[in-house]
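Hi everyone, thanks for making time this morning. I'd like to walk you through one structure, starting with its pockets and then moving to one of its sheets.

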Amino acid sequence: GSSGAENAFYVDGVNTTNSEYGFQGKELNFEFIQAIEVKTGGYEAEYGRATGGIINVVTKSGSNQLAGDVFGYYDSDSLQTSSKNVVGGTPGGFKKKDYGADIGGYIVKDKLWFFAAYDQVRNTQDNILPEGPSAGQSVASLSRRNLGSAKLTFSATPSHTFTATWLQDPRADTGAINDANHSLIGDSATYLGRQDFGGRDYALRYDGIVGSEWLFSAQGARHHETNSVGPSTSAGDAIEYIDARS
């Protein structure tokens, strides 16, 4: 019965729930993911701060075999029908490019394993301006993402394991900012700008077995994310300031 903003999102034990609105904050390529677990109640002690569900993602780890992938995805508007004009800017053509690679294996067999992955995403969306002296012209919205994942797993003994995880999803949107807070109506300085999202996460985890009855887990993590928006010129800054004062 809870809303999406009341869920909590974990990646390798790191709480990546968006700190501003409560939605998912960490962006991952599916090629990085080993398993996804959804909990709807009866959470273990390591989970909390949620009245909805728990979405727990486990990223891939290395093994005693060297293995990897190279992947690429491309999509465009070549088979898309023409858009009808709408108020606030009409979607035009688009291109979506998604390329990356991952590799995993061992540094010391049966002791120390590694996994690393990188994914570059480049999306372009053209927008047809609706009115004014530039009506009918096209402006582009550009989005760049650099997704990454790395993990080291060290087995000190069969009963004691240490895992270090690093994740990143920095994203920069430039050109025409066309979202719920900005429209393509008016002076170009009001919608040409830059938005930055995402960040880098770090985690260190210990799992151990002592005797035949005791299980121990401990983890320290840091989640960082950015959400900023700014105009592309000082003129746009002045316009936003005047709008705020009015």
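So, what kinds of residues make up the lining of the largest pocket: how many are nonpolar, polar and charged? The lining divides into 19 polar, 11 charged and 10 nonpolar residues. Please keep in mind that we are looking at a predicted model here.

The space in this largest pocket comes to about 890 Å³. Its lining counts 40 residues, and if you want to find the centre on your screen, look for R171, D173, D179, Q195 and F197, which lie nearest to that centre. Several strands give two or more residues to this lining: β6 (90–108), β7 (112–128), β8 (138–157), β10 (171–176), β11 (192–198) and β14 (226–231). Which of the elements gives the most? That is β6, with five residues.

Now let's turn to the second largest pocket, where the space is about 350 Å³. Here 21 residues form the lining, and D12, G13, N56, V58 and R205 are the closest to the centre. The elements with two or more residues in this lining are β3, β4, β8, β9 (160–168) and β12 (200–210). The biggest share comes from β12, which gives four residues. As for the chemistry, the lining of this second largest pocket has eight polar, eight charged and five nonpolar residues.

Two of those elements, β3 and β4, give two or more residues to the second largest pocket, and they also bring us to the sheet. It is an open sheet of four strands, and reading across, the order is β2-β1-β4-β3, with mixed pairing. Which strands are at the edges? They are β2 (14–15) and β3 (33–39), and each of them pairs on one side only.

A quick reminder for anyone who hasn't thought about sheets lately: strands pair through backbone hydrogen bonds, in either a parallel or an antiparallel way.

Let's take the parallel case in this sheet. Strand β1 (residues 8–11) runs parallel to β4 (residues 54–59), and four bridges join them. You can pick out A8 opposite I54 of β4, and Y10 with N56 of β4 as its bridge partner. N56 is worth a second look, as it is also among the residues closest to the centre of the second largest pocket.

On to β3 and β4, then. This pair is antiparallel, with six bridges. One place to see the pairing is V38, which stands opposite I55 of β4.

That's my tour for today, and I'm happy to take questions.

How values were computed: Residues numbered from 1 in each chain as written. Predicted model: local features only at pLDDT ≥ 70, side-chain atom pairs only at ≥ 80, totals over all residues. Heavy atoms only, no water. Pairing = 2+ DSSP bridges. 1 Å grid on protein atoms, 1.4 Å probe; cavity = no way out; pocket = protein on both sides within 12 Å on 5 of 7 lines; lining within 4 Å. Points joined across faces, edges and corners; volume = space filled by probe spheres on them. Nonpolar A, V, L, I, M, F, W, Y, C, P; charged D, E, K, R; others polar.
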